[in-house]
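Please walk through this model with me, one region at a time. Keep the coordinates open as you read.

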Amino acid sequence: MTTTVIIVVFVVLAVLGMNVALALGCGTLIGIVFFSTFNPIVVAQRMVTGIDSYTLLAIPLFMLAGRLMNDAGVTDRLFDLCKALVGHIRGALAYVNVLASMVFATMSGSAVADVGGLGQVEIKAMKDQGYAEEFAAAITLASSAVGPIIPPSINFVIYAALANVSPGKLFLAGILPGMLMGLSLIGLVFVMGFFIPYPIVRDHTSLGEKLRVFRRALLSLFTPVLILGGIMGGIFTPTEASSVAVVYVLFLGVVVYRTIRLRDLPAILLDTIASTAIVTFIISCSAAFSWVMVVGNVAQDLQALILALIDSKVGVLLVLNVILLVLGCFMENGTLLILLTPILMPLASRFQIDPIQFGVILVLNLMIGVVTPPVGTALFVVSDMTGLSIGKLAKPVLTFVLPLIVVLALVTYWPSVSLTIPNYFSR
């Protein structure tokens, strides 16, 4: 009874527009005060211990690194490089859009950072070259979903802390699925080229110009080498890698490119602190909420319900994917990740699903939700950026979601897609 009340209160408050963290807190508090013998002190302790994690230190640092990359001009250099390499191909900017997002994903770890940083540059360039704005916005949205899959990833950091698994292994597990996501989008762009009259560009960049642009972007391209090379080489942990990324990008912006002035730093830091506070508060309230769900045997009840309907690993994975995709369309992905991980982990363990593979499945599902109407976070960012309504964006975005779902199916039913690389480095 208590669990039902808590869930209903949370859902009602969230639907009415209350802040997600406050809705979680109110739901938990009401359940404890009126319908339960849970000790409020224990709940407060859970809120504190929920964010008392060394792994979670990587979140504000990767957020800061992403913000510094945008301010330092790293995104512009990456976009110019991709454009110089394939800019003469018919439909080139659509390919450039995906390629730039894949490269930026190796630095930021956030879909919203991708959209906010690269999005404006990409959509403007495509519009100026004659692409339909809806098409430009849709490919920008879909490619941003790659951001939290290709390492580093803020979502993988959160899952690692909640599921008590190695964030380094999760980072490695995301490499191949993220590459497949990007390649699947490129494949769809190629196929659509037979039906859509892409603008024809005859501007072949000379070899000298390509080299100039490459030199201009070289130090920026060293960022993922530094982050991933350090993690894979065992030089530092993912959390330490996030601090290294901040120092390196700050050095580029202040000393090398001189696009960031020292007087800009307080505003950048305050913005990062505000963003981090929001995420941390949600994690804290979700920790208490999730604990109440666990104490209330929600995981066991859910497991029993699913097992009553279907008792095969293939069927359970299918049901979980459908549930996650639907929930991802209506709720913020970070909140869902924090809420569902402790509830679904026992079910994954029951069917011997590797926790690393399950983490990739869970995050990939929620990243599709980030770009899918009606409540995709990145969708709202692009809508605000372009002035296009969610209704106008819905159809073209859903077209680009299809190849992402194909990749999700591969990750779900072919464990090697996500486990080959981490297993190799674990030997």
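## From one helix to the core

The buried residues of helix α4 are A58, I59, F62, L64, A65, G66, L68, M69 and A72. This is a predicted model. Helix α4 covers residues 58–72, 15 residues in total. From first C-alpha to last, α4 reaches 20 Å. At 1.5 Å a residue, 21 Å would be expected, and the value is close to that. Just after α4 comes G73, with a positive phi near 90 degrees.

Which residues of α4 does T272 touch? T272 itself lies in helix α14, residues 265–295. Apart from neighbours within four places in sequence, T272 is in contact with P60, M63, L64 and R67. L64 is also on the list of buried α4 residues. T272 counts as buried because its relative accessible area is 8%, and the cut-off is under 20%.

Now turn to the nonpolar core. In soluble globular proteins, nonpolar side chains tend to be buried together. Here the largest nonpolar core has 128 residues. Those with the most contacts inside this core are M126, F135, I158, Y159, M181, F358 and F400. Which helix gives the core its largest share? Helix α18, residues 355–370, does, with eleven residues.

Y159 is a good place to look around. Setting aside residues up to four places away in sequence, Y159 touches N164, V165, L170, L337, T341, M345, P355, F358, G359 and L362. One of these, F358, is itself among the core residues with the most contacts.

Next, the rings. How many aromatic pairs does a search of the whole structure find? The search finds eight. In one of them, Y131 and Y198 sit 6.1 Å apart, centre to centre. Their planes are 40 degrees apart, so the pair counts as tilted, between the limits of 30 and 60 degrees. This pair links distant parts of the chain, with the two positions 67 residues apart in sequence. Y131 is in the loop between α7 (111–128) and α8 (133–144). Y198 is in the loop between α11 (175–192) and α12 (207–232). Both tyrosines are buried. Ring pairs also join Y131 and Y198 with F135 and F400 in a cluster. F135 and F400 appeared above, among the core residues with the most contacts.

Two arginines lie over rings. R77 is over the face of Y257, at 3.5 Å from the ring centre. R350 has its charged end over the ring of F351, 5.0 Å from the centre.

Finally, the backbone. Where does a cis peptide bond occur? The bond from P151 to P152 is cis, and its omega is near 0 degrees. P152 belongs to the loop between α8 and α9 (154–163).

N164 has a positive phi of about 60 degrees, though N164 is not a glycine. This residue is in the loop between α9 and α10 (167–173). Is N164 buried or exposed? N164 is exposed, because its relative accessible area is 71%, and the cut-off is over 50%. Recall that N164 is also one of the residues touched by Y159.

Q352 also has a positive phi, about 55 degrees, and is not a glycine. Its place is the loop between α17 (333–350) and α18. At 68% relative accessibility, Q352 counts as exposed.

Terms used: Residues are numbered from 1 along each chain as its sequence is written. This is a predicted model: local features need pLDDT of at least 70, side-chain atom pairs count only at pLDDT 80 or more; totals for chains, interfaces and linings use all residues. Side-chain values use heavy atoms; hydrogens and water are left out. A nonpolar core is a set of buried Ala, Val, Leu, Ile, Met, Phe, Trp, Tyr and Cys residues joined through side-chain atoms within 4.5 Å. Buried means under 20% relative accessible area, exposed over 50%, partly exposed in between (1.4 Å probe, protein chains only). Helices (H or I, at least four residues) and strands (E, at least two) are DSSP runs, numbered from the N terminus. Contact means heavy atoms within 4.5 Å. Rings of Phe, Tyr and Trp (its six-membered ring) pair if their centres lie within 6.5 Å; planes under 30 degrees apart count as stacked, over 60 as edge-to-face and the rest as tilted. A charge sits over a ring if NZ of Lys or CZ of Arg is within 6 Å of the ring centre and within 35 degrees of the ring normal. The expected span of a helix is 1.5 Å times one less than its number of residues.
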